[in-house]
Amino acid sequence: MQVYADNAATTAVSKTALDAMLPMLTDCYGNPSSLHTVGQKAAEKLSAARETFAKYLNAQPAEITFTSGGSEADNQAIVSAGAIGEQKGKKHIISTAFEHHAVLHTLKKMEKRGFEVTLLPPPENGVITVEQVKEAIRPDTCLVTIMFANNEIGTIQPIAEIGALCKEKNILFHTDAVQAAGHLHIDVQAMHIDMLSISAHKFHGPKGVGVLYARKGIFLTNVIEGGSQERGKRAGTENMPGICGAAAAFADACEHMDENAAHMISLRDKLLTGLAQIPHSIINGDLKQRLPGNVNLCFEGIEGESMLLLLDEKGIAASSGSACTSGSLEPSHVLLSIGRPHEVAHGSLRLSLSEYNTEKEIDYILAVMPEIVNYLREMSPVWDELEHGQRKHQI
Ligand SMILES: *Cc1c(COP(=O)(O)O)cnc(C)c1O
């Protein structure tokens with residue numbers, strides 16, 4: 001049996017998205033900046049895609065900028081908010097320790113430019129509190145950037161409350177909504193979100209396309225210089241197949257959000273409950289404030305990487321830590337941030353589901369996992385020490 005359970009890393013392109021992309025590669029290949037009919041046909045598709053994103057986010061089409069993905073949107077949002085703050089002499093940014101590296105590494109760059117960054121430590125349940133944000137706010141705070149939902153442990157942050165606080169304090173609020181878009185309801189007005197990042201390949205759209213929503217009046221700094229595409233905010237001939245695929249995938253995900261979520265939540269909870277029966281395991285992240293498709297646990301005395309290889313042999317595609325950290329020996333910064341000890345964090349497993357997963361697949365995962373854990377523990381010198389009392393169990 002083949003099971004794809006790594007949808008937080010990327011998803012399969014849906015038929016709906018593919019059908020929207022193909023004509024942009026064949027008949028409708030014009031450059032939307034061209035004044036002739038071929039170009040204007042593409043320009044119409046571009047406008048329609050912009051309207052689709054605006055509609056489902058409750059934004060205006062002019063507030064939507066297409067980028068090369070979630071990473072670029074995160075970079076541009078933070079650099080832009082920094083430039084706006086700097087003009088007012090405000091150079092303090094609030095974020096969290098468990099952001100995606102697209103945010104964390106951009107913040108490092110801002111520090112080199114003289115900004116001060118406060119990274120809030122998430123509580124053990126992986127849900128930042130509004131009080132934490134409130135306490136960190138200073139007179140010189142120019143930006144709060146907090147992810148909508150965490151990509152590893154799936155925890156959903158109190159975005160509407162943080163947005164209201166930032167509005168009250170007159171501070172720009174950006175959220176990396178890459179894991180949330182297409183999976184959770186987003187209303188930039190009701191949630192007081194000033195800037196928001198999206199990536200199409202996390203909701204069955206193509207890779208290499210993202211959206212940066214920026215509220216009207218927020219001046220965006222260019223990350224890519226060149227032509228005047230995207231109202232001069234993002235140069236480069238638009239990735240029309242990608243943009244049309246992204247819009248079709250987003251509309252599809254938003255229209256079927258509740259039914260997809262109900263299906264995924266039932267599979268997720270069955271998996272979480274089943275896997276948590278394995279001795280010396282612990283679930284990571286809040287059980288309720290959680291993405292419909294996220295399953296994340298740590299198993300003591302095991303290396304996550306070995307678990308992934310054995311799962312792969314059984315046809316199951318999963319992840320341990322984030323896509324960027326798997327392959328390196330450093331445990332996930334997200335798991336460390338919620339207080340998991342190094343050795344425990346090393347034994348992590350993330351299974352991220354989509355609406356394509358079935359109950360049969362969940363039963364299959366639940367059938368093979370105990371064997372895999374036992375097999376790896378039998379070979380593990382660390383487990384041997386734990387079992388003989390030379391080392392204390394931590395979970
Ligand atoms: C995947 C992801 C990104 C990066 O998006 P790309 O389109 O791959 O650049 C950023 N933030 C989060 C939370 C993600 O899950």
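A helix here is a DSSP run of H or I that lasts at least four residues, and helices are numbered from the N terminus. That's how K270 gets its address: this residue sits in helix α8. Keep in mind that everything below describes a predicted model.

**Figure 1. The whole chain, before we zoom in.**
The chain's secondary structure comes to 13 helices and 12 strands. Its radius of gyration is 22 Å, close to the 21 Å that the globule rule gives for 395 residues, so the chain is as compact as a globular protein of that length. If you boxed up its C-alpha atoms along the principal axes, you'd need roughly 75 × 50 × 35 Å. Buried residues make up 57% of the 395 residues. Now take the contacts with a separation of 6 or more: 73% of them join residues 24 or more positions apart.

**Figure 2. Helix α8 meets helix α12.**
Here you're looking at α8 (residues 257–275) and α12 (residues 359–379), whose axes come within 10 Å and cross at roughly 10°. Angles under 35 degrees count as roughly parallel, so that's what we call α8 and α12. Which residues make the contact? From α8 it's L267, K270, L271, G274 and L275, and from α12 it's E359, I362, D363, I365, L366 and M369. Sort them by class and you get seven nonpolar, one polar and three charged residues.

**Figure 3. A closer look at K270 in α8.**
K270 belongs to α8, and this residue is one of those that make the contact with α12. Leaving out residues up to four places away in sequence, K270 touches E359, I362, D363 and L366. Is K270 buried or exposed? Its relative accessible area is 30%, which means it counts as partly exposed. For a sense of scale, look for E135: it's 135 residues from K270 along the chain, and the two C-alpha atoms are separated by 38 Å.

**Figure 4. N374, another residue of α12.**
N374 has its place in helix α12. With a relative accessible area of 44%, N374 is partly exposed. How far apart are the C-alpha atoms of N374 and S14? The answer is 37 Å, for a pair 360 residues apart along the chain.

**Figure 5. Helix α4 and what covers it.**
First, a quick ruler check on α4 (residues 101–112). At 1.5 Å a residue, its 12 residues should span 16 Å, and the end C-alpha atoms are indeed 16 Å apart. A102, V103, L104, T106, L107 and M110 are buried in α4. What covers these buried residues? The cover includes two helices you can pick out by number, α3 (70–87) and α10 (333–337), along with the strands β3 (92–96), β4 (116–120), β5 (141–145) and β6 (172–176). After α4 comes G114, which has a positive phi near 95°.

**Figure 6. Helix α3, mostly tucked away.**
α3 is part of the cover over the buried residues of α4, and here α3 gets its own view. Try the ruler again: at 1.5 Å a residue, the 18 residues of α3 should span 26 Å, and the distance between its end C-alpha atoms agrees at 26 Å. Of those 18 residues, 13 are buried, so α3 is largely enclosed by the rest of the structure. Just after the helix, G89 takes a positive phi of about 75°.

**Figure 7. Two asparagines with positive phi.**
N58 isn't a glycine, yet its phi is positive, at about 60°. You'll find N58 in the loop between α2 (37–57) and β2 (64–67). N170 isn't a glycine either, and its phi is also positive, at about 60°. Its place is the loop between α6 (159–169) and β6. As for exposure, N58 counts as partly exposed at 38% relative accessibility, whereas N170 counts as exposed at 70%.

**Figure 8. H393, after helix α13.**
H393 lies in the segment after α13 (381–387). Which residues does H393 touch, not counting residues up to four places away in sequence? They are H280, E300, W383, L386 and E387. Pick E300 out of that list: E300 and H393 are 93 residues apart along the chain, while their C-alpha atoms are separated by 7.9 Å. H393 has a relative accessible area of 28%, so this residue is partly exposed.

Key. Residues are numbered from 1 along each chain as its sequence is written. This is a predicted model: local features need pLDDT of at least 70, side-chain atom pairs count only at pLDDT 80 or more; totals for chains, interfaces and linings use all residues. Side-chain values use heavy atoms; hydrogens and water are left out. The expected span of a helix is 1.5 Å times one less than its number of residues. Buried means under 20% relative accessible area, exposed over 50%, partly exposed in between (1.4 Å probe, protein chains only). Contact means heavy atoms within 4.5 Å. Axes are lines fitted to C-alpha atoms, for helices over the stretch in contact, and angles run from 0 to 180 degrees between N-to-C directions. Angles under 35 degrees count as roughly parallel, over 145 as roughly antiparallel, 65 to 115 as roughly perpendicular and the rest as oblique. Ala, Val, Leu, Ile, Met, Phe, Trp, Tyr, Cys and Pro count as nonpolar, Asp, Glu, Lys and Arg as charged, and the others, Gly among them, as polar. The radius of gyration is taken over C-alpha atoms; the globule rule is 2.2 Å times the number of residues to the power 0.38.
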